[in-house]
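Hi,

Here is the structure I promised to pass on. Have a look at it first, and then read my notes below.

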Amino acid sequence: MSFKCCCWSWNVEEPVIRENKNKDYPWDIYTLKELITATNNFHNDNKIGEGGFGSVYWGRTSKGVEIAVKRLKAMTAKAEMEFAVEVEILGRVRHANLLGLRGFYAGGDERLIVYDYMPNHSLITHLHGHLATDVLLDWRRRLGIAIGSAEGLAYLHHEANPHIIHRDIKASNVLLDSEFQAKVADFGFAKLIPEGVSHLTTRVKGTLGYLAPEYAMWGKVSESCDVYSFGILLLEIVSARKPIEKLPGGVKRDIVQWATPIVEKGNFDVVADPKMRGKFDKAQLKNAILIALQCTDGNPDNRPSMIEVVNWLKVGIGRRAKEVVHVRDMVVEDEDDDEDDTDYESYGGPVAARRAWASSNMR
Ligand SMILES: Nc1ncnc2c1ncn2[C@@H]1O[C@H](COP(=O)(O)OP(=O)(O)OP(=O)(O)O)[C@@H](O)[C@H]1O
Ligand SMILES: [Mg+2]
């Protein structure tokens, strides 16, 4: 088996790596020695985290640049494929909201991917991890992260050529730079979508709680699977609740099942993370929740595109960017108006249908 991409190729048994001379993809091929030195021989103290692929280490290059190095833990064909897909796809894309690939090393049993180091860790650390109590994510930052991740995804779906479906959008795969700008990471499960193809049928990959129903059940993958995962992520950003929680008695409830009855009563503020202590723009919060619910519609045809999501997050659900001035006026008015005047059902939120699907799958 061999993998090829635009600038390099190798054979699983015998790595052959060519130097990258394409300045459109300014990543490097590192030597093992360089990365060993940078990470203090992959010292445990340098370890930032661990995922399905392997461990991630902080390091500093000889030029003084901070890097994150992901080290493949086991050389299986599946893991090697993930490595190849990640390097191939990240090597093709450049966007302010996608994690930058600095380079890689492939030789012997060692597969290493080198990224820009993200000093503010991943979203999961702030929502559910050791930084959650510090509450560094105020509403402005949360909305900025939501818009940034949406823009990264919109680029993958609509601008990258061929189009790319990420397939593993979740809180641990949204990293935060020094300005808390979102960087979508982890392309190991991504799929390139050939021109003119509306969906593919594949083996199901991804993370429980974020999987669109048509994908989880039938392996039907399209851009709208990412839209669904983004909707879950958006609710998570707003509420700091986990995508799935276990209720007493062992029954599992997903975040949409939790939020839907609250939203139906118009209690949008109750969905907000209590750690924000009520400090958020009510109209923006309501807007984000409604967008999340539309993204998680059980029917993929009712979900918006990521371009629509970006626009709606910026100017209001169901509205277009050109109405921005008018909408901005409306948002200011709405701040003093607690009344829920949004017709939720008109945005295609078939709550009952989604609930039926969810309850049959969550037990
Ligand atoms: N470039 C980076 N800069 C800073 N921290 C990073 C970077 N890349 C990954 N991390 C950290 O390492 C952790 C592990 O990442 P990894 O992608 O291996 O696993 P995961 O996302 O938690 O799970 P999965 O394997 O299911 O994707 C992340 O949660 C993140 O906090
Ligand atoms: Mg990850």
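Before I get to the sheet, one term: two strands count as paired here if DSSP finds at least two bridges between them. With that in hand, G59 stands opposite I67 in strand 6. Keep in mind throughout that this is a predicted model.

**The sheet**

Strands 5 and 6 run antiparallel and are joined by seven bridges. On the other side of the story is strand 4, which pairs with strand 5 (residues 54-60), also in the antiparallel sense, over three bridges. If you want a residue pair to click on there, K47 has Y57 of strand 5 as its bridge partner. The link from strand 4 to strand 5 is a hairpin of three residues.

Zooming out, these strands belong to an open sheet of six, in the order 3-7-8-6-5-4 and with mixed pairing. Strand 3 (28-29) and strand 4 are the edge strands, and each has a single partner strand, so one side of each has no neighbour in the sheet. Helix 2 (residues 77-92) packs on this sheet and touches strand 6, strand 7 (101-107) and strand 8 (110-116). The direction of helix 2 makes about 30° with that of strand 8.

**The ligand**

This is probably the part you will open up yourself. Ligand 1 is surrounded by 23 residues, and the closest are G49, G51, G52, A68 and S172. Which elements supply at least two residues each to the shell? They are strand 4 (47-50), strand 6 (66-72) and helix 3 (123-127). Strand 4 gives the largest share, three residues, and that is the edge strand from above.

By class, the shell splits into eleven nonpolar, nine polar and three charged residues. Both domain 1 (6-116) and domain 2 (123-362) contribute, with at least three residues from each.

**A helix pair**

As a reminder, two packed helices are described by the angle between their axes and the distance between the axes. For helix 6 (residues 223-239) and helix 7 (residues 255-264), the angle is about 65° and the axes are 10 Å apart. Their crossing is left-handed. Helix 6 brings I232, L235 and E236 to the contact, and helix 7 brings I255, V256 and A259. That makes five nonpolar residues, no polar ones and one charged.

**Backbone oddities**

Most residues other than glycine have a negative phi, and most peptide bonds are trans. Two spots go against that. F42 has a positive phi, near 50°, without being a glycine; you will find F42 in the loop between helix 1 (32-38) and strand 4. The other spot is the peptide bond from N161 to P162, which is cis, with omega near -5°. P162 sits in the loop between helix 4 (139-159) and strand 9 (163-165).

Cheers

Conventions: Residues are numbered from 1 along each chain as its sequence is written. Chains are lettered from A and ligands numbered from 1 in the order in which they are written. This is a predicted model: local features need pLDDT of at least 70, side-chain atom pairs count only at pLDDT 80 or more; totals for chains, interfaces and linings use all residues. A residue is near a molecule or strand if its C-beta atom, placed from the backbone, lies within 6 Å of it. Helices (H or I, at least four residues) and strands (E, at least two) are DSSP runs, numbered from the N terminus. Ala, Val, Leu, Ile, Met, Phe, Trp, Tyr, Cys and Pro count as nonpolar, Asp, Glu, Lys and Arg as charged, and the others, Gly among them, as polar. Domain bounds come from an automatic or database domain assignment. Axes are lines fitted to C-alpha atoms, for helices over the stretch in contact, and angles run from 0 to 180 degrees between N-to-C directions. A crossing is left-handed if the near helix is turned anticlockwise from the far one by less than a right angle, and right-handed if clockwise. Two residues are in contact if their C-beta atoms, placed from the backbone, lie within 7 Å.
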